[in-house]
Amino acid sequence: MTSEDEPQTALPLVRAPEPAAEAPRNGQVAHVAWVVSTALALAGLFGVGFLWQKLAGIQEQLAQQSAQSLTLATEARTLAAQAQTMVQEASARVALQEARVAELSLQRSQFDELMRSLSRSRDENLVVEIEANLRLAQQQAQLTGSVSPLIAALRSADQRIVRAAQPTLAPLQRSIARDLEKIKAVALSDTPALLVKVEDLIRRVDQLELANAVALKPSAAVATVATPAPSAVPWAVWLASAWAELKALVRVSRIEDPQAVLLTPEQGFFLRENLKLKLMGVRMALLARQPDQARTELEESTQWVRRHFNSASEFGQGTLALLRLVHSQLGQLEVPRIDQTLTVLAGATAGR
């Protein structure tokens, strides 16, 4: 549609084809168009079929992959659940192991403390036993007057300390060694042996012969001389027996102390008892650790034996020799004390 103001252009004149010639040409064109459209339709159908088939394959692959993915997801969830269960079990086991480790650590600490306590208790018991044994040995030595129990107790204590092998007991071992040397260096009298000798002297008193005692039996030589021959005359026999009786009534001896002649048999009994009392005094002085008193009693007993008894006889000489032996063996009666060792033991007990 044009505006009225616009100028009209002249259209070219086209010559119309001829009807006869246009008919075949239209038929060819239609045939070609039909072929082309058919070909295109076939190509489109083929393409659609190919695409459909490909789409079906893709769908099948997608279905398979989806199924596989679902299976894998299920397996993954199963594995995740199993892994979670295993993790929980592992966590429980780790917690249990940690609890056991803590318990073992606690038990070990308790065991170490128990071992230290046992070690301290063993050392304390050892010190207490050594102290008790040494104190008992000291009392025994003071009662018996012999250092043998004390030496034995000190050696036993030293051996026990060596077996214990505790460095803390080294000062105690040194003090024991010093006390042993001190005791061995002391010349101590053997009180039990001296007591035995004093008892022997007391028993010998009853067998001592008084200085003014008269012999009750004649000697063998006198009896032999006084016995007459069987062939002698009766008056010779009577004279020989009278002479033997006369010689038995008279005995000549030398008495140095005049007071010994005046002793009666009753006084002799009391003299023996007094001598026994003096010897018992010697025994009491030995037990009381009084060597000076024992020496004084022994000297007086020796003077009494020489003055009032027959000291010239064999038995009297043996008694005097025994008295001299006891007097010579009287040394130090006081048993040395182990105060240094006991002080170290008391310090060790207080320190523990």
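The legends below accompany close-up views of a predicted model.

**View A. The packing of helix H4 against helix H9.** Helix H4, which spans residues 191-205, packs against helix H9, residues 314-328, at an angle of about 155 degrees, and the axes of the two helices are 10 Å apart. Because angles over 145 degrees count as roughly antiparallel, H4 and H9 are described as roughly antiparallel to each other. The crossing in which H4 passes H9 is left-handed.

**View B. Residues in the contact between H4 and H9.** On the H4 side, the contact is made by Leu-194, Lys-197, Val-198, Asp-200, Leu-201 and Arg-204, while H9 contributes Phe-315, Gly-318, Thr-319, Leu-322, Leu-323, Leu-325 and Val-326. Sorted by class, the residues in this contact of H4 with H9 comprise eight nonpolar, two polar and three charged ones.

**View C. The nonpolar cores of the model.** The largest nonpolar core has 23 residues, and Leu-286 and Leu-323 are those with the most contacts inside it. Two or more residues of this core come from each of H4, helix H7 (265-287), helix H8 (291-308) and H9. A second core, separate from the largest one, has 21 residues, among them Ile-130, Leu-134, Ile-161 and Ile-183.

**View D. The surroundings of Ser-301 in helix H8.** Ser-301 has a relative accessibility of 1% and therefore counts as buried, the cut-off for this being under 20% relative accessible area. When residues up to four places away in sequence are not counted, Ser-301 touches Leu-275, Lys-278, Leu-279 and Leu-323. Of these neighbours, Leu-323 also appears in View B, as one of the H9 residues in the contact with H4.

Terms used. Residues are numbered from 1 along each chain as its sequence is written. This is a predicted model: local features need pLDDT of at least 70, side-chain atom pairs count only at pLDDT 80 or more; totals for chains, interfaces and linings use all residues. Side-chain values use heavy atoms; hydrogens and water are left out. Axes are lines fitted to C-alpha atoms, for helices over the stretch in contact, and angles run from 0 to 180 degrees between N-to-C directions. Helices (H or I, at least four residues) and strands (E, at least two) are DSSP runs, numbered from the N terminus. Angles under 35 degrees count as roughly parallel, over 145 as roughly antiparallel, 65 to 115 as roughly perpendicular and the rest as oblique. A crossing is left-handed if the near helix is turned anticlockwise from the far one by less than a right angle, and right-handed if clockwise. Contact means heavy atoms within 4.5 Å. Ala, Val, Leu, Ile, Met, Phe, Trp, Tyr, Cys and Pro count as nonpolar, Asp, Glu, Lys and Arg as charged, and the others, Gly among them, as polar. A nonpolar core is a set of buried Ala, Val, Leu, Ile, Met, Phe, Trp, Tyr and Cys residues joined through side-chain atoms within 4.5 Å. Buried means under 20% relative accessible area, exposed over 50%, partly exposed in between (1.4 Å probe, protein chains only).
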